[in-house]
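Q: I have a chain open here and would like to talk it through before I set anything up. Can we start with the terms and then go through it piece by piece?

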Amino acid sequence: MGLLNRDNIDSKPKIDVRNEPTKIDDDAKITYGEKGFKAKDRKPVQVDPPVLELIQNLSYAKDMPMYKVVDVAMNAYLATLTDSERAIYDMRRKKKKY
């Protein structure tokens, strides 16, 4: 035992961090309109595979995020609403303010 170099041996035992839970300090932040949303605020949207493929392909072709493709498409569709549909949309929108 006298041949060990004590300077190279740590006095603290090494802790195996592989089994500890991952701690995330920062959250992904994006700006969407006037208010910024965090990843924990987002909700999953389930769509059929052909719709998802369409959004993914448009996103790749236009070089923009998928949420932005959906935003542009929904704003274009929103512009085509009739007066009665617009009234229903405005009524529902007033109920849920983000």
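A: Gladly, and one term is needed at the outset: a residue is called buried when its relative accessible area is under 20%, exposed when it is over 50%, and partly exposed in between. Please keep in mind that this is a predicted model.

Q: Okay, by that rule, is Ser-59 buried or exposed, and why?
A: Ser-59 is buried, because its relative accessible area is 12%, which falls under the 20% limit. Its place is in helix α1.

Q: What does Ser-59 touch, leaving out residues up to four places away in sequence?
A: With those left out, Ser-59 is in contact with Met-64, Pro-65, Met-66 and Val-69. For Met-64 there is also a polar contact, in which the side chain of Ser-59 reaches the backbone oxygen of Met-64 at 2.5 Å.

Q: Let me step back, what's the overall layout of the chain?
A: Along the sequence the pattern reads β-β-α-α-α, that is, two strands and three helices. Of the 98 residues in the protein chain, 5% count as buried, and the accessible surface comes to about 10100 Å², with 55% of that belonging to carbon and sulfur atoms.

Q: What span should α1 have, and what does the model give?
A: Helix α1 has 14 residues, which at 1.5 Å a residue should span 20 Å, and its end C-alpha atoms are 20 Å apart, so the two agree.

Q: And what about the span of α2?
A: For the 13 residues of α2 the expected span is 18 Å, and the end C-alpha atoms are 18 Å apart, so there is agreement here as well.

Q: What's going on with phi at Asp-63?
A: Phi of Asp-63 is near 55°, which is a positive value in a residue other than glycine. As background, most residues other than glycine have a negative phi. Asp-63 comes just after α1, in the loop between α1 (49–62) and α2.

Q: Is Asp-63 buried or exposed, then?
A: Asp-63 is exposed, because its relative accessible area is 71%.

Q: Back to α2, which of its residues are buried?
A: The buried residues of α2 are Val-69, Asp-71 and Leu-78. Asp-71 is counted there because its relative accessibility is 16%.

Q: What does the side chain of Asp-71 meet in a salt bridge?
A: The partner is Lys-68, with an N to O distance of 3.9 Å, and the count for the structure comes to one salt bridge. Lys-68 counts as partly exposed, because its relative accessibility is 36%.

Q: How many residues apart are Asp-71 and Lys-68?
A: They are three residues apart, about one turn of the helix, and both lie in α2. An α-helix has 3.6 residues a turn, so residues three or four places apart point the same way.

Q: New topic: which residues make the nonpolar surface patch?
A: Val-45, Val-47, Val-51, Leu-52 and Met-66 make a patch of about 400 Å². Met-66 lies in helix α2 (residues 66–78), and it counts as partly exposed because its relative accessibility is 36%.

Q: How far apart are the C-alpha atoms of Met-66 and Leu-52?
A: Their C-alpha atoms are separated by 9.5 Å, while the two residues are 14 residues apart along the chain. Not counting residues up to four places away in sequence, Met-66 touches Ile-55, Gln-56 and Ser-59, which brings us back to the buried serine of helix α1.

Key: Residues are numbered from 1 along each chain as its sequence is written. This is a predicted model: local features need pLDDT of at least 70, side-chain atom pairs count only at pLDDT 80 or more; totals for chains, interfaces and linings use all residues. Side-chain values use heavy atoms; hydrogens and water are left out. Patches are made of residues with over 30% relative accessible area and no salt bridge: like charges are joined within 9 Å, nonpolar side chains (Val, Leu, Ile, Met, Phe, Trp, Tyr) within 5 Å. Accessible areas come from the Shrake-Rupley method with a 1.4 Å probe; for residues, only the protein chains shown count as cover. A salt bridge is a side-chain nitrogen of Lys or Arg within 4 Å of a carboxyl oxygen of Asp or Glu. Helices (H or I, at least four residues) and strands (E, at least two) are DSSP runs, numbered from the N terminus. Buried means under 20% relative accessible area, exposed over 50%, partly exposed in between (1.4 Å probe, protein chains only). The expected span of a helix is 1.5 Å times one less than its number of residues. A polar contact is a pair of N or O atoms within 3.5 Å; within protein, one must be able to donate a hydrogen and the other to accept it, and residues adjacent in sequence count only if both atoms are side-chain atoms. Contact means heavy atoms within 4.5 Å.
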